[in-house]
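User: I'd like to go through the labels used for this structure and hear the reasoning behind each one. Can you show it to me before we start?

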Amino acid sequence: MKRFIYDELKKWKQSDMRKPLMMYGARQVGKTYIIKEFGEQEYDTLVYVSY
């Protein structure tokens, strides 16, 4: 599933001045899905913490 936010996450990854990523928003809009998908596609390892 292609989403606009995926491109924004790729820009974040490529930025030299990036800060830790925190994603927030309404319930059940795909935040967890897109973060896991991005992590699996763009990095060798993924650590997901939910509290």
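Analyst: A contact here means heavy atoms within 4.5 Å. In this predicted model, residues 24 or more positions apart account for 54% of the contacts in the protein chain with a separation of 6 or more.

User: What is the overall makeup of the protein chain, in helices and strands?

Analyst: The protein chain has 2 helices and 0 strands. Its C-alpha atoms fill a box of roughly 30 × 25 × 20 Å along the principal axes. Of its 51 residues, 10% count as buried.

User: Why is H1 called oblique to H2?

Analyst: H1 and helix H2 (residues 31–42) pack at an angle of about 50°, with their axes 11 Å apart. Angles under 35 degrees would be roughly parallel, and the roughly perpendicular range is 65 to 115. The angle fits neither of those, so H1 is oblique to H2. As for handedness, H1 passes H2 in a right-handed crossing.

User: Which residues make that contact?

Analyst: From H1 you have Ile5, Tyr6, Leu9, Lys10, Trp12 and Lys13, and from H2 Ile34, Ile35, Glu37, Phe38, Gln41 and Glu42. By type, the residues of this contact divide into 7 nonpolar, 1 polar and 4 charged.

User: What makes the Tyr6 and Phe38 rings an edge-to-face pair?

Analyst: Two checks. Ring centres must lie within 6.5 Å to pair, and planes over 60 degrees apart count as edge-to-face. For Tyr6 and Phe38 the centres are 5.6 Å apart and the planes sit at 75°, so the pair is edge-to-face. The pair links distant parts of the chain, with Tyr6 in helix H1 and Phe38 in helix H2, 32 residues apart.

User: And why does the pair of Phe38 and Tyr43 get the edge-to-face label?

Analyst: Run the rule again: the Phe38 and Tyr43 centres are 5.9 Å apart and the planes are at 75°, so this pair is edge-to-face. The count comes to 2 aromatic pairs, and Tyr6, Phe38 and Tyr43 form one aromatic cluster.

User: How do you know which residues of that cluster are buried or partly exposed?

Analyst: Buried means under 20% relative accessible area, and partly exposed runs from there up to 50%. Tyr6 has 12%, so Tyr6 is buried. Phe38 has 3%, so Phe38 is buried too. Tyr43 is at 31%, so Tyr43 counts as partly exposed.

User: Why is Trp12 buried, exposed or partly exposed?

Analyst: Trp12 has a relative accessible area of 24%, which is over the 20% limit for buried but under 50%, so Trp12 is partly exposed. Trp12 is found in helix H1 (residues 4–14). Leaving aside neighbours within four places in sequence, Trp12 is in contact with Arg18, Lys19, Pro20, Leu21, Phe38 and Tyr43.

User: What makes the phi of Gln28 worth a look?

Analyst: Most residues other than glycine have a negative phi. Gln28 has a positive phi of about 55° although it is not a glycine. Gln28 lies in the loop between H1 and H2. With a relative accessible area of 76%, Gln28 is over the 50% cut-off and so is exposed.

Definitions and conventions
Residues numbered from 1 in each chain as written. Predicted model: local features only at pLDDT ≥ 70, side-chain atom pairs only at ≥ 80, totals over all residues. Heavy atoms only, no water. Helix = DSSP H or I, 4+ residues; strand = E, 2+ residues; numbered from the N terminus. Buried < 20%, exposed > 50% of the residue type's maximum accessible area, 1.4 Å probe, protein only. Axes fitted to C-alpha atoms, helices over the stretch in contact; angles between N-to-C directions. Parallel < 35°, antiparallel > 145°, perpendicular 65-115°, else oblique. Left-handed = near helix turned anticlockwise from the far one by under 90°. Nonpolar A, V, L, I, M, F, W, Y, C, P; charged D, E, K, R; others polar. Phe/Tyr/Trp six-rings, centres within 6.5 Å; stacked < 30°, edge-to-face > 60°.
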